[in-house]
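Reader: I'd like to learn how to read the way helices pack in a protein model. Could you walk me through an example?

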Amino acid sequence: MRRREVLAGAAGLAVLGGGAAAVNGWNPLESDGDAVETIELETIDAPGSEAGTAAIPERGRVTFVELFATWCTVCEGMMPTLAEVHEGVDDDVQFVSVTSEPVGNTITRDDVASWWGDHDGNWPVALDPDLELTEALDASGVPYAFVLDESNAVTWSGRGEKSADEIASAIDAARGE
């Protein structure tokens, strides 16, 4: 009796998985491992950042992305470290900070831009109000930093305060240096 229930459950899962594959076009043989899908996020007008959109992570380039919040004192303390790392990377690295704060509700784009300028941010800053990138990176909390290689696979991640040397070494490793 119990064996019959297990077999029926397994058959049900197989049918469900096949249906999902047919609907979504998913093919496990085409899986690219741990690659993160590129997500188009709004960028804001702030020092080092232009209003528009950015594809994050950008396939074909090493990407450094830091998730932050303006209310986060550790994030505030990381800004000089990030500025130091940013100054040392070339254009072959996408360097971006992203906030998932509820812009338009408790905070405005101008608030984020003002905080950015007050803390000497000088690289692109983007908004993730729907937590698309946050969920794709399986991030919890801020600050949370990631380095992704050219195929968008996460090669390094760390939550909390990090040193400039640790971040720069992670970027260099993703670049094959």
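Author: Happy to! Let's start with the vocabulary for angles: those under 35 degrees count as roughly parallel, over 145 as roughly antiparallel, 65 to 115 as roughly perpendicular, and the rest as oblique. Please keep in mind that this is a predicted model.

Reader: Thanks. What describes two packed helices in general?

Author: Two values do the job: the angle between the axes and the distance between them. Here, take helix α2 (residues 73-88) and helix α5 (residues 164-174), whose axes cross at roughly 40° and come within 9 Å. That angle falls outside the parallel, antiparallel and perpendicular ranges, so α2 and α5 are oblique to each other. The crossing of α2 past α5 is right-handed.

Reader: Which residues of α2 and α5 meet?

Author: On the α2 side they are Met78, Thr81, Leu82, Glu84 and Val85, and they meet Ala164, Ile167, Ala168 and Ile171 of α5.

Reader: How many helices and strands are there in the protein?

Author: The protein has 5 helices and 7 strands. Read from the N terminus, the order is α-β-β-β-α-β-α-β-α-β-β-α.

Reader: And what share of contacts joins residues at least 24 apart?

Author: Counting contacts between residues at least 6 apart in sequence, 71% join residues at least 24 apart. For one pair of residues, look at Ser140 and Leu67: they are 73 residues apart along the chain, and their C-alpha atoms are separated by 9.5 Å.

Reader: Is Thr70 buried or exposed?

Author: The cut-off to use is 20% relative accessible area, under which a residue counts as buried. Thr70 has 16%, so Thr70 is buried. Thr70 lies in the loop between β3 (62-68) and α2. Leaving aside residues up to four places away in sequence, Thr70 touches Glu101, Ile107, Val112 and Trp115. Compare Ser140, in the loop between α4 (132-136) and β6 (144-148): its relative accessible area is 42%, so Ser140 is partly exposed.

Reader: What about the cysteines, Cys72 and Cys75: where do they stand on relative accessibility?

Author: Cys72 is at 5% and counts as buried, and Cys75, at 1%, counts as buried too. As for disulfides, the count comes to 0.

Reader: What are the totals for the protein as a whole, in buried residues and accessible surface?

Author: Of the 177 residues in the protein, 41% are buried. The accessible surface comes to about 9,900 Å², and 49% of this surface belongs to carbon and sulfur atoms.

Technical notes
Residues numbered from 1 in each chain as written. Predicted model: local features only at pLDDT ≥ 70, side-chain atom pairs only at ≥ 80, totals over all residues. Heavy atoms only, no water. Helix = DSSP H or I, 4+ residues; strand = E, 2+ residues; numbered from the N terminus. Buried < 20%, exposed > 50% of the residue type's maximum accessible area, 1.4 Å probe, protein only. Contact = heavy atoms within 4.5 Å. Areas by Shrake-Rupley, 256 points an atom, 1.4 Å probe, with all protein chains shown as cover. Disulfide = S-S within 2.5 Å. Axes fitted to C-alpha atoms, helices over the stretch in contact; angles between N-to-C directions. Left-handed = near helix turned anticlockwise from the far one by under 90°.
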